Amino acid sequence: MEFEHVLVVGAGQMGGGIAQVVAAASCRVSLHDAAPGATDKALETIRRSAAKLAGKGGPDPDEVLSRVEPVDDLVPADLMVEAVVEDSSVKEDIFRRADTTLPSEAVLASNTSSIPIGSLAAATGRPEKVIGMHFFNPVPVLKLVEVIRGEETSDETARSVVAFAEELGKVPAQANDFPGFVSNRILMPFINEAVWALHTGVAEPEAIDTIAKLGFAHPMGPLALADLIGLDTCVAIMEVLHDGLDDDKYAPCPLLREHVEAGRLGRKSGQGFYSYS
Ligand code: NAD
């Protein structure tokens with residue numbers, strides 16, 4: 001395997017999941033988060049998730065956990081996968097710092113949902129080694145990795161990241177560097193429209209989600225999915241689409257903003273369109 005030691009930055013729901021699948025593929029993982037207690041919480045989630053997957057033929061949870069080491073700062077590694085909040089200035093700062101910490105041959109990847117890979121690449125002196133590696137939630141379960149090539153990403157970087165995604169047991173699909181790439185260009189306007197349907201009184205949340213589940217054969221409705229993704233992340237992605245594509249059809253629904261401003265972020269805060277006690 002080309003990437004034997006992976007630095008995962010951000011230990012929230014995505015970073016923890018990414019650390020888990022990378023460790024399950026026998027790589028060493030260094031896991032960093034700026035918030036106190038975040039890596040402990042991630043290790044606990046990994047322990048529970050790996051135990052569940054072990055019952056379905058997955059690797060020994062103790063072995064998976066033994067490969068994940070919490071670290072206080074960025075450390076040298078073969079590959080960085082950044083999974084911090086969906087905020088371009090926070091991500092650019094991580095890429096700037098990673099460029100000075102990781103060896104010059106290391107690849108710097110972002111799990112961003114929507115932020116242009118080119119803007120992250122511009123924060124480094126190695127734009128040919130910067131790429132999007134967009135996992136899906138929950139990471140240990142969903143197979144897709146959207147691989148996004150920036151304008152300057154080299155063929156070699158794209159090839160090595162596609163091969164690594166396959167080694168993790170994932171299915172890579174390649175996209176070019178447009179706001180929201182493919183997945184969120186399609187998904188977020190769908191979620192936003194469901195929020196508009198709620199906001200304008202077309203139907204109650206349960207009815208909206210039932211219609212999507214039974215009518216479109218979606219495994220979960222758009223409002224429940226928004227709660228899973230995080231309403232703060234949904235607003236951040238809609239803003240990138242709105243600004244980047246310069247079209248008001250992508251403006252986040254005011255109800256989505258209202259929830260976020262009130263701290264109702266979905267599952268992670270215990271309350272979103274639904275309550276999670
Ligand atoms: P989250 O809120 O669960 O976790 C984000 C983590 O980043 C937090 O633990 C926070 O403490 C940490 N963080 C913030 N600033 C930091 C810094 N400067 N240094 C180190 N750590 C820092 O968010 P998430 O849902 O895991 O999303 C993370 C990224 O993954 C975002 O870019 C998001 O768009 C993307 N993503 C999310 C989903 C989803 O379904 N939630 C799916 C695909 C991609």
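## Helix α9 and its neighbours

In this predicted model, the buried residues of α9 pack against four helices: α1 (13-24), α7 (183-199), α8 (205-216) and α10 (231-245). The helix spans residues 222-229, and 8 of its 8 residues are buried, so α9 is largely enclosed by the rest of the structure. Buried here means under 20% relative accessible area.

If you would like to pick them out in your viewer, the buried residues are Pro222, Leu223, Ala224, Leu225, Ala226, Asp227, Leu228 and Ile229. Just after the helix comes Gly230, with a positive phi near 110°.

## Polar contacts with the ligand

Ile229 is a good place to move on to the ligand. A polar backbone atom of Ile229 lies 2.9 Å from a ligand nitrogen atom. Two side chains face ligand oxygen atoms: a polar atom of Asn137 is 3.0 Å from one, and an N or O atom of Lys268 is 3.1 Å from an oxygen atom of the ligand. On its own the ligand exposes 830 Å², of which the protein buries 86%.

## The shell around the ligand

Which elements give two or more residues to the shell around the ligand? They are α1, α4 (88-101) and β6 (130-135). The largest share, 3 residues, comes from α4.

There are 23 residues around the ligand, and those that come nearest are Asp33, Glu86, Lys91, Ser113 and Ile229. By character, the shell divides into 10 nonpolar, 9 polar and 4 charged residues. Ile229 thus links both topics: Ile229 is one of the buried residues of α9 and among the residues that come nearest to the ligand.

Conventions
Residues are numbered from 1 along each chain as its sequence is written. This is a predicted model: local features need pLDDT of at least 70, side-chain atom pairs count only at pLDDT 80 or more; totals for chains, interfaces and linings use all residues. Side-chain values use heavy atoms; hydrogens and water are left out. Buried means under 20% relative accessible area, exposed over 50%, partly exposed in between (1.4 Å probe, protein chains only). Contact means heavy atoms within 4.5 Å. A residue is near a molecule or strand if one of its heavy atoms lies within 4 Å of it. A polar contact is a pair of N or O atoms within 3.5 Å; within protein, one must be able to donate a hydrogen and the other to accept it, and residues adjacent in sequence count only if both atoms are side-chain atoms. Accessible areas come from the Shrake-Rupley method with a 1.4 Å probe; for residues, only the protein chains shown count as cover. Ala, Val, Leu, Ile, Met, Phe, Trp, Tyr, Cys and Pro count as nonpolar, Asp, Glu, Lys and Arg as charged, and the others, Gly among them, as polar.
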